[in-house]
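Here are my comments on the model you sent, set out as numbered points. Please read them with the structure open beside you.

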Amino acid sequence: MPEQTATAQAQPGRPAARRRPALSPSRASDFKQCPLLYRFRAVDRLPEVPTKAQLRGTLVHSVLERLFALPQADRVPANAKELLEPAWTELSAERPEWTELFEADKPEDVEEWLRSAAKLVDSYFGLEDPTRLDPEACELHVEIELGSGVLLRGYVDRLDVAPTGEIRVVDYKTGAAPREIGEAKALFQMKFYAVVLWRLRGIVPRQLKLMYLTDGQSLAYTPDEAELLRFERTLEAIWQAILKAGKTGDFRPNPSKLCGWCDHQAHCPSFGGTPPAYPGWPEPDAGEESPIDRAD
């Protein structure tokens, strides 16, 4: 039987234990899209500069998490928008490099950016009424070791549990509802969470819900056990392929339309670049998703 694997905690006077390498939805999706992209992000850890749109997504996620920490009656648009500036102050203090995307002598740029985030918050309220919801958890860290030994790890934006025990997994997307490629990527992420929750709780989620805030659309999907079993095998196959590539360093590029959004073209052979010397497979902990990953 699969069993839940707890994250190791450091003991007083001892160094923190190194966590086992795990598979997250973002890194699994990276490898599926392009093995070399996985290497750049998980092994080489090449830096990536987030866009203002990505930062806005991170901010809106933080605001919605804080919104659900308020009493139900207080979860109204005005209170949500009042959370924007404090949330940005906290996020930028944790990641001061993010402020470098804005010109220091143009505070109006930050104000305009915050107003654009406020529009996404308003759009959220057009999709559902949070005063009528009582989520079990927001930004829930989940982790499970499958029977095959693959460790899955990630963060669920919101988990709703009905009095009858039915589970709904909710994910906020701050972009527009995607076309075919983007929708498949989003469903891949949601099925990943569905597998983890199914194995943790023994219950197939009743609904996977994607909420697209730019255009105010929701997409709902109902998985079944047979589908999740097939997807679990897909994740196991991806992890085995990652381990095989890790032994040899043979992470090959897979050119596609998505290359136009890649930060690493200068290191990619498909664009005339040269990857850094392969550092070897150090069993990187590639399962931890960044706030930018989770807001994507």
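1. Helices here are DSSP runs of H or I with at least four residues, numbered from the N terminus. On that basis S123 belongs to helix 6, which covers residues 107-127. Please keep in mind throughout that this is a predicted model. S123 has a relative accessibility of 18%, and because buried means under 20% relative accessible area, S123 counts as buried. Once its neighbours within four places in sequence are set aside, the contacts of S123 are with L213 and G216.

2. As to the overall architecture, the protein chain contains nine helices and five strands. Read from the N terminus, the elements follow the order α-α-α-α-α-α-β-β-β-α-β-β-α-α. Of the 296 residues in the protein chain, 44% are buried, while the area that the chain exposes comes to about 15,200 Å², with carbon and sulfur atoms supplying 50% of it. If one takes the contacts between residues at least 6 apart in sequence, 72% of them join residues at least 24 apart.

3. Helix 3, residues 52-67, passes a simple check on its length: its 16 residues, at 1.5 Å a residue, should span 22 Å, and the C-alpha atoms at its ends are indeed 22 Å apart, which agrees. Its buried residues are L55, G57, T58, L59, V60, H61, S62, V63, L64 and L67. When reading such a list it helps to recall that an α-helix has 3.6 residues a turn, so residues three or four places apart point the same way.

4. Two residues deserve a look for their backbone angles. R45 is not a glycine, yet its phi is positive, near 55 degrees; R45 sits in the loop between helix 2 (35-43) and helix 3, and with a relative accessible area of 47% R45 is partly exposed. E139, likewise not a glycine, has a positive phi of about 50 degrees, but E139 is part of strand 1, residues 137-145, and is buried, with a relative accessible area of 18%.

5. R39 is a residue of helix 2 and is buried, its relative accessible area being 5%. Which residues does R39 touch, leaving aside its neighbours within four places in sequence? The contacts are D44, R45, F251, P275, P276, A277, Y278 and P279, and R45 in this list is the positive-phi residue of the previous point. R39 and I242 are 203 residues apart along the chain, and their C-alpha atoms are separated by 9.2 Å.

6. The structure holds twelve aromatic pairs. In one of them, Y38 and F251 are stacked, with 6.0 Å from centre to centre and 20 degrees between the planes. Y38 lies in helix 2 and F251 in the loop between helix 8 (225-248) and helix 9 (291-295), so this pair ties together parts that are 213 residues apart in sequence. Y38 is buried at 0% relative accessibility, and F251 is buried at 5%.

7. Another aromatic pair, Y124 with Y172, is edge-to-face, with 6.0 Å between the centres and 90 degrees between the planes. Since Y124 lies in helix 6 and Y172 in strand 3 (residues 167-173), the pair ties together parts that are 48 residues apart in sequence. Both Y124 and Y172 are buried.

8. Two further aromatic features may be worth inspecting. F31, Y38, F251, Y278 and W281 form one aromatic cluster, and two of its members, F251 and Y278, are also among the contacts of R39. Elsewhere, the charged end of R199 sits over the ring of W198, at 4.0 Å from the centre of that ring.

9. Finally, how many disulfides does a search of the whole structure find? The search finds zero. A disulfide is a covalent bond between the sulfur atoms of two cysteines. For C262, the closest cysteine sulfur belongs to C259, and at 6.6 Å that sulfur is too far for a bond, given that a disulfide is counted when the two sulfur atoms are within 2.5 Å. C262 is itself partly exposed, with a relative accessible area of 27%.

Notes: Residues numbered from 1 in each chain as written. Predicted model: local features only at pLDDT ≥ 70, side-chain atom pairs only at ≥ 80, totals over all residues. Heavy atoms only, no water. Helix = DSSP H or I, 4+ residues; strand = E, 2+ residues; numbered from the N terminus. Buried < 20%, exposed > 50% of the residue type's maximum accessible area, 1.4 Å probe, protein only. Contact = heavy atoms within 4.5 Å. Expected span 1.5 Å × (residues − 1). Phe/Tyr/Trp six-rings, centres within 6.5 Å; stacked < 30°, edge-to-face > 60°. Lys NZ or Arg CZ within 6 Å of the ring centre and 35° of its normal. Areas by Shrake-Rupley, 256 points an atom, 1.4 Å probe, with all protein chains shown as cover.
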